[in-house]
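Trainee: I have a structure open and would like to go through it with you. May I ask my questions as they come up?
Mentor: Certainly; please bring it up on the screen.

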Amino acid sequence: MNKRYLRLLVVTALLAVSYRVTVWMHDDHTDDDDTTTGFGSPPPPTPNRVAVDPSVEEDPGLGFSDEINHLGLPRGSSPPLPHLPLCPSFPPKLEGPLRIEFDWTRTMDDVHKESGPGLQEGGRFQPPDCISQHKVAIIIPFRNRAQHLKHWLYYLHPILKRQQLDYGVYVIHQHGNGTFNRAKLLNVGFVEALKEYAYDCFVFSDVDLVPMNDRNIYRCHDQPRHLSAAMDKFGFRLPYKTYFGGVVSLSREQYMRINGFPNEFWGWGGEDDDMYSRVMYKKMEVSRPDNRVGMYKMVRHARDLHNEENPHNAGKLGLTRLTMDADGINSLRYTLKHVTKHALYTMVTVDLHGPK
Ligand code: UDP
Ligand code: MN
C-alpha cells in the first residue's frame, strides 16, 4: 500500500515537471510567433536594425562609405535582433489608386490623427513586425509652404507605413528671405539625414506633390528613379522626355556617383535638368513607374516670392559636364541654424550662404 502510494507520488511529480517544460517550450515558441505576426508588443526602437539573414549584406561596401566619411558622417552598425524576419519584397497591404483631395480646412490635428500612430519623434518609422529592406530618408526643400506640408504629411505617412519602409522625413527649411535654392537644400538634406542614421536611399520630393497610387514605392532601384512620372499639371504624362523634376529617388551610391546636385542654381528653373544630365554623364539611366502608378497631384500655387525664374540657369545647363565634378556634395557649404524634432518630421533650418 505504502509502496503504491509512493509510486503514485513519483509519477505525479514527473507528470507535473513534464507539463511545466511543455508549457515553457510552448510559451517560448508563441513569443516568437507573436513578434513575427505583429501581435506582440513592438521591439524597442534601435538606432540601426539588421535582420538576421546571412544572405543579406549589411553594407555593400562599394567604397562610397569612405567618401561619406570624408564628409565627417557616421557609418551605422548595430547588433542583430534575432526575432524579426525581413519584410516581404511586395508590401501586402497596398491599396493601389488613392483619392487625394487638398482640403484647405485640414488642421494639424487632422494630420496627427491620420498619420501619427506608430511614428517616432522626428517623423521616423520602422515597421513593427518585420525588418524593412529599405532605409529611406525623405528630403523636402521648404520655405513658407506650411499648408502644403500639412497635406503632404497627412497623405504620405500612412502610405509610407503601408510600404513598410524604415524611413525618416526631413524638411529642409531655407533660412531668411534670400533667393530660394532647391537643389542645394536637397544636398543639405542628404548630409543632415546621414548624420542621424545609416540611410541607404534618398527620396527628394517637392512639398506640394502627393502620389495617387501607393504602389509607387518610395524606395531606390538599381538606377536613379523618377517617381513623379505622371503629374496632373502636365496632363498625367511627362512634359518632355528628360524631365526629372518633382520626386526622385537615388541610392547613397548613385547620389555620390553624380557628386550630388548643383549648388549654384539660385531661383526657379534648370536644377532638375542639371540633375538629369549628371545621371546621364555618369552612365546611369533613369527608371520610372508606368503612367498609371506614377500619377501625382500637385497642390495648385502661384510662383513664390524670392523664387523667380532665373534666366542665367538655362545657360548653366550646357556646362554641367564640365562643372559637375567640382560643384556638388564635395563643395557644399552652409550654416546649420537649428534641427527641430517635430512629431511628424524633422525640420532642418539652414543658411545657404546665398548671393547678396
Ligand atoms: N519651395 C518652397 N518654398 C518656396 C519655393 C519652393 O518650399 O518659396 C519648394 C517646395 O518644396 C516646392 C519646390 O520647392 O514644391 C519646387 O518649387 P515650385 O513648387 O515653385 O516648382 P514647380 O511647381 O514649378 O515645379
Ligand atoms: Mn510646385
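Trainee: Which kind of interaction do the side chains of R124 and D166 make?
Mentor: They meet in a salt bridge, with 3.1 Å from N to O. Please keep in mind that this is a predicted model.

Trainee: Where in the chain do R124 and D166 sit?
Mentor: R124 belongs to strand β1 (residues 124–125) and D166 to strand β3 (residues 166–174). The two are 42 residues apart, and the pair links distant parts of the chain.

Trainee: Is R124 buried or exposed?
Mentor: R124 has a relative accessibility of 10%, so it counts as buried. Its partner D166 is buried as well, with a relative accessible area of 4%.

Trainee: Why can such side chains pair at all?
Mentor: Side chains of opposite charge can pair when their charged atoms come close.

Trainee: How many salt bridges are there by this rule?
Mentor: The count comes to 14 salt bridges. One of them joins R162 and E95, whose closest N and O atoms are 3.7 Å apart. That pair also links distant parts of the chain, 67 residues apart: R162 is in helix α4, and E95 is in the loop between α2 (64–70) and α3.

Trainee: What about R278 and D274?
Mentor: Their side chains form a salt bridge too, at 2.7 Å from N to O. Both residues lie in helix α7 (residues 271–281), 4 residues apart, which is about one turn of the helix.

Trainee: Are R278 and D274 buried or exposed?
Mentor: R278 counts as buried, at 0% relative accessibility. D274 is buried too, with a relative accessible area of 2%.

Trainee: Which residues do shared salt-bridge partners join into one network?
Mentor: E95, R162 and D214 are joined in that way.

Trainee: Let me change topic to the helices. At what angle do α3 and α4 pack?
Mentor: Helix α3 (residues 108–115) and helix α4 (residues 146–162) pack at about 5°, and their axes are 9 Å apart. Because of that angle, α3 is roughly parallel to α4.

Trainee: Which residues make the contact?
Mentor: From α3 they are M108, D110, V111, E114 and S115. From α4 they are K150, L153, Y154, H157, P158 and K161. By class, the residues of this contact divide into 5 nonpolar, 2 polar and 4 charged.

Trainee: S115 caught my eye. Is S115 buried or exposed?
Mentor: S115 is buried, with a relative accessible area of 0%. Leaving aside neighbours within four places in sequence, S115 is in contact with L153, Y154, H157, P158, K161 and L344. You may also look at L156: its C-alpha atom is separated from that of S115 by 8.0 Å, although the two are 41 residues apart along the chain.

Trainee: How do α5 and α7 pack?
Mentor: Helix α5 (residues 182–196) and α7 pack at an angle of about 55°, with their axes 9 Å apart. That angle makes α5 oblique to α7. The contact is made by R182, A183 and L186 of α5 together with E271, D272 and M275 of α7. By class, it has 3 nonpolar, no polar and 3 charged residues.

Trainee: Now a strand. Where does Y296 lie?
Mentor: Y296 lies in strand β9 (residues 295–298), and at 0% relative accessibility Y296 counts as buried. Y296 and L209 are 87 residues apart in sequence, yet 6.4 Å apart in space, C-alpha to C-alpha.

Trainee: How many helices and strands does the chain have?
Mentor: The protein chain has 9 helices and 11 strands. Of its 356 residues, 49% count as buried. Among contacts between residues at least 6 apart in sequence, 83% join residues at least 24 apart.

Trainee: Last topic: what is the average pLDDT of the chain?
Mentor: The protein chain averages a pLDDT of 84, and 77% of the residues score at least 70.

Trainee: Where is the pLDDT below 50?
Mentor: Residues 8–47 are one such stretch; beyond near neighbours in sequence, that stretch has 19 contacts in the model. Residues 52–77 also have a pLDDT below 50, and there the model has 36 contacts beyond near neighbours in sequence.

How values were computed: Residues numbered from 1 in each chain as written. Chains lettered and ligands numbered in written order. Predicted model: local features only at pLDDT ≥ 70, side-chain atom pairs only at ≥ 80, totals over all residues. Heavy atoms only, no water. Axes fitted to C-alpha atoms, helices over the stretch in contact; angles between N-to-C directions. Parallel < 35°, antiparallel > 145°, perpendicular 65-115°, else oblique. Contact = heavy atoms within 4.5 Å. Nonpolar A, V, L, I, M, F, W, Y, C, P; charged D, E, K, R; others polar. pLDDT = per-residue confidence, 0-100. Salt bridge = Lys/Arg side-chain N within 4 Å of Asp/Glu carboxyl O. Buried < 20%, exposed > 50% of the residue type's maximum accessible area, 1.4 Å probe, protein only.
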